[in-house]
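Subject: Structure for you to look through, with notes

Dear colleague,

I am handing over a structure that I would like you to look through at your own pace. Please keep it open beside this message while you read the notes that follow.

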Amino acid sequence: MAVLTDIFGRKLDYLRISLTDKCNLRCLYCMPKEGVKRLSHAEILTLEEIERLAEIMVGLGIQKIRLTGGEPLIRKSILELVGSLREIPDLKELSLTTNGTLLGEYAEKLKEAGLDAVNLSLDSLQPDRFLRLTGEDMFREVRMGIEACQKAKLHLKLNCVPIIGINDEEIEAIAAFAQETGVTVRFIELMPLGCGALFTGLDGKEILRRLENKYGSSKRLDPCGPAGEQDILTGPAELYTFEHYTGTVGLIRPLSHQFCDRCNRLRLTAEGYLKLCLQYEDGLDLRKPLRSGLTDEGIAELIRENVKRKPAAHQFQKAVQRDHIEERKMVQIGG
Ligand code: SAM
Ligand code: SF4
């Protein structure tokens with residue numbers, strides 16, 4: 001099996017593919033109220049182009065692909081895409097990050113098409129707060145999406161970004177909901193990227209303190225812990241159990257516990273730009289070579305050469321004096 005590495009020797013085996021820059025929600029910390037400048041139809045990679053790139057990149061060493069967006073379930077050909085990605089022989093895991101609003105309709109079909117797992121973003125359990133936070137009265141649809149996912153036996157995790165004064169008082173309730181539902185919730189530190197910079201997220205330490213207050217002392221799970229949690233080896237979540245809590249809670253701390261030295265990811269935007277790091281623009285346009293008749297081997301060589309330049313680390317917490325800071329919003333990158 002091929003291995004893709006950068007100059008720091010990091011193994012790059014995880015690709016997040018954004019299928020669209022459109023979204024049916026307007027989360028305060030992700031999408032500006034006025035929306036973002038939309039890509040035209042011609043600018044967005046076609047299904048065939050995504051499939052071709054995915055195949056080339058799996059050939060180079062990518063083992064896990066996550067589909068994201070914008071809202072990936074808005075992309076009409078999603079089921080066809082999942083089906084064809086599933087057929088790439090060396091692809092070990094195919095997953096999706098979604099706001100869950102359309103999962104009621106799609107969960108069963110996604111499972112049949114070969115999807116392995118879903119991460120569902122859930123920042124509030126209160127319909128009125130959900131509306132204020134996302135701009136849409138769709139909490140009911142998300143609840144139905146969670147049920148549909150469980151019925152379809154799709155592996156499910158919840159993601160929550162606690163923001164001070166917006167939804168931070170709900171973390172205990174969201175952890176309780178995850179416990180009742182039998183799923184892991186991962187609390188993510190807000191990154192000061194795009195609209196995220198307008199708010200203050202709860203830091204990991206405070207999240208842990210509040211959960212310990214409610215559920216008793218915590219225990220960090222060994223990274224090689226129980227089956228199903230190995231994801232920590234490649235993903236950045238720290239997993240915890242609590243004295244009075246059944247199940248596990250994850251913490252993703254891009255700010256307070258930077259994990260750049262173990263970063264294994266690349267991101268492909270909907271217009272075909274391969275991003276090397278969330279914070280910087282560094283990367284390469286793959287749409288042009290794809291459309292100019294370059295061979296698969298030619299494209300593979302371009303990727304192999306360019307990923308070597310992956311930045312050593314993000315510097316979200318410092319006043320960065322560096323060119324090429326990313327100006328795209330999260331909804332345009334694919335979180
Ligand atoms: N629409 C889908 C969803 O909401 O899950 C997929 C795209 S969304 C950009 C992916 C994830 O990024 C979501 O879990 C969202 O909460 C997270 N996100 C967006 N902006 C963020 C920020 N500034 N800091 C941390 N996470 C962020
Ligand atoms: Fe849309 Fe997801 Fe961003 Fe919310 S977090 S605006 S659902 S892309």
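V118 counts as buried because its relative accessibility is 0%, where buried means under 20% relative accessible area, exposed means over 50%, and partly exposed covers what lies in between, all with a 1.4 Å probe and protein chains only. This residue sits in strand β4, which covers residues 117-121; helices (H or I, at least four residues) and strands (E, at least two) are DSSP runs, numbered from the N terminus. Not counting residues up to four places away in sequence, V118 touches L96, T98, L103, C149, L154, H155, L156 and K157, a contact being heavy atoms within 4.5 Å. One of these partners, C149, is 31 residues away along the chain, and its C-alpha atom is separated from that of V118 by 8.1 Å.

Before going further, please note that this is a predicted model, in which local features need pLDDT of at least 70 and side-chain atom pairs count only at pLDDT 80 or more, while totals for chains, interfaces and linings use all residues. Residues are numbered from 1 along each chain as its sequence is written, chains are lettered from A and ligands numbered from 1 in the order in which they are written, and side-chain values use heavy atoms, with hydrogens and water left out.

As for the chain as a whole, its secondary structure comes to 11 helices and 12 strands, and buried residues make up 58% of its 335 residues. If you take the contacts between residues at least 6 apart in sequence, 74% of them join residues at least 24 apart.

R129 and E169 are worth reading together. R129 is found in helix α4 (residues 127-134) and counts as buried, because its relative accessibility is 9%, whereas E169 has its place in the loop between β5 and α6 (171-181) and is exposed, with a relative accessible area of 54%. Their side chains are joined by a polar contact of 2.9 Å, a term that stands for a pair of N or O atoms within 3.5 Å, where, within protein, one must be able to donate a hydrogen and the other to accept it, and residues adjacent in sequence count only if both atoms are side-chain atoms. Leaving aside neighbours within four places in sequence, R129 is in contact with S124, I166, N167, E169 and E170, while E169 touches R129 and R210.

Two other acidic residues each have a side chain that reaches a backbone nitrogen. E49, in helix α1 (residues 47-60), is buried at 14% relative accessibility, and a polar atom of its side chain lies 2.8 Å from the backbone nitrogen of T46. Apart from its neighbours within four places in sequence, E49 is in contact with I44, L290 and R291. D285, in strand β12 (residues 283-285), is partly exposed, with a relative accessible area of 29%, and a polar atom of its side chain lies 2.8 Å from the backbone nitrogen of R287. With the neighbours within four places in sequence again left aside, D285 is in contact with E271, G272 and Y273.

What is the phi of K153, which is not a glycine? It is positive, at about 60 degrees. K153 lies in the loop between α5 (139-151) and β5 (155-160), and it counts as exposed at 64% relative accessibility.

Finally, there are the surroundings of a ligand to look at. Around ligand 2 there are 8 residues, and the closest are C23, L25, C27, C30 and N99; a residue is near a molecule if one of its heavy atoms lies within 4 Å of it. By class, this shell has 6 nonpolar, 2 polar and no charged residues, where Ala, Val, Leu, Ile, Met, Phe, Trp, Tyr, Cys and Pro count as nonpolar, Asp, Glu, Lys and Arg as charged, and the others, Gly among them, as polar.

With best wishes
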